[in-house]
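Trainee: Could you go through this one with me before I set anything up?
Mentor: Gladly, let us put it on the screen.

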Amino acid sequence: DNYGALARYIADAGHEGEKCLASWCAGCAADDDYDLGIIEAQVVQSMNTRSQKEKTYHLLISFRPEDEAKLTPEVFKAIEERFAAALGFSEHQRHCGTHKNTNNIHMHISYSMIHPERLTRHEPFRDYATRDKLCRELEREYGLTVDNGRSSAGKTPSRRKPPPSKRRPGRSLSSPMPNDTKIKFLKFDPY
């Protein structure tokens, strides 16, 4: 669980193929100072000695290529603020960035799961349903291409798993990453 490494990755455009379009932090006493905000979040996380679980929540939001022209820096920030509110991270430190190193422009958000004043750990309950509902709202509000996510009945569309012989080896997306950072993938494009 390494908040600093994730936040630095989010703002890094120094690797070949990386294209960080914008990066910012929010919820930090350091205001707009990205690097000082990283230190602040790490200090807050270290002050919570009670929780043995991960203290960083990584959200990745991917957008369809045809929606790129609608996505201004202000829209990205507004979308991030809506996710922070919906997931209960509005008062938490977070570092954000938009990348264009794949076919789809996408936004990374690193939330510190430790509240900066209470020093308690927050983990959103049933976050997948919250994220999915918010995606549908944001698609309508910003005129984005509608995803074929969960149905209006609240059920996930049936998707058959490929037979074992066709599955890719390695761990699933739901298993912990090597550094125990919790990763949440969210897409505005089809699954």
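Mentor: What follows is a talk about the helix contacts, the strands and a few single residues of this predicted model.

Trainee: Let's start with the helices, so how do α1 and α2 sit relative to each other?
Mentor: Helix α1, residues 3-11, and helix α2, residues 34-47, have axes that come within 9 Å and cross at roughly 160°. Angles over 145 degrees count as roughly antiparallel, and α1 and α2 are therefore roughly antiparallel to each other. The crossing of the two is right-handed.

Trainee: Which residues make that contact?
Mentor: From α1 the contact takes Tyr3, Gly4, Ala7, Arg8, Ile10 and Ala11, and from α2 it takes Tyr34, Ile38, Ala41, Gln42 and Gln45. Sorted by class, the contact of α1 with α2 has seven nonpolar, three polar and one charged residues.

Trainee: And what about α3 and α4, at what angle do they pack?
Mentor: Helix α3, residues 73-87, packs with α4 at an angle of about 150°, and their axes are 10 Å apart. The crossing of α3 with α4 is right-handed. On the α3 side the contact is made by Val75, Ala78, Ile79, Arg82, Phe83, Ala86 and Leu87, while α4 contributes Asp127, Thr130, Arg131, Leu134, Cys135, Glu137, Leu138, Glu141 and Tyr142.

Trainee: What's the make-up of that one by class?
Mentor: The contact of α3 with α4 has 10 nonpolar, one polar and five charged residues.

Trainee: Switching to the strands, is β3 buried or exposed?
Mentor: Six of the six residues of β3, which covers residues 94-99, are buried, so the strand is largely enclosed by the rest of the structure. In a regular strand the side chains alternate between the two faces of the sheet. In β3, Arg94, Cys96 and Thr98 lie on one side, with His95, Gly97 and His99 on the other, and both faces are covered, as these residues are all buried.

Trainee: Which strands does β3 pair with, and in what sense?
Mentor: Strand β1, residues 20-26, pairs with β3 in the antiparallel sense over six bridges, and Cys20 stands opposite His99 in β3. Strand β4, residues 106-112, also pairs with β3 in the antiparallel sense, over six bridges, and here Thr98 stands opposite Met107 in β4.

Trainee: How many residues are there between β3 and β4?
Mentor: There are six residues between β3 and β4, and the two strands form a hairpin.

Trainee: Where do I find positive phi outside glycine?
Mentor: Leu119 has a phi near 60°, a positive value in a residue other than glycine, and Arg126, also not a glycine, has a positive phi of about 50°. Leu119 is placed in the loop between β4 and α4, the helix of residues 127-142, and Arg126 lies in the loop between β4 and α4 as well.

Trainee: How accessible are those two?
Mentor: Leu119 counts as partly exposed because its relative accessibility is 24%, and Arg126 is partly exposed too, with a relative accessible area of 45%.

Trainee: Last one, where does Asn2 lie, and what is it separated from by 8.5 Å?
Mentor: Asn2 lies in the segment before α1, and its C-alpha atom is separated by 8.5 Å from that of Lys55, although the two residues are 53 residues apart along the chain. At 31% relative accessibility, Asn2 counts as partly exposed.

Conventions
Residues numbered from 1 in each chain as written. Predicted model: local features only at pLDDT ≥ 70, side-chain atom pairs only at ≥ 80, totals over all residues. Heavy atoms only, no water. Axes fitted to C-alpha atoms, helices over the stretch in contact; angles between N-to-C directions. Helix = DSSP H or I, 4+ residues; strand = E, 2+ residues; numbered from the N terminus. Parallel < 35°, antiparallel > 145°, perpendicular 65-115°, else oblique. Left-handed = near helix turned anticlockwise from the far one by under 90°. Contact = heavy atoms within 4.5 Å. Nonpolar A, V, L, I, M, F, W, Y, C, P; charged D, E, K, R; others polar. Buried < 20%, exposed > 50% of the residue type's maximum accessible area, 1.4 Å probe, protein only. Pairing = 2+ DSSP bridges.
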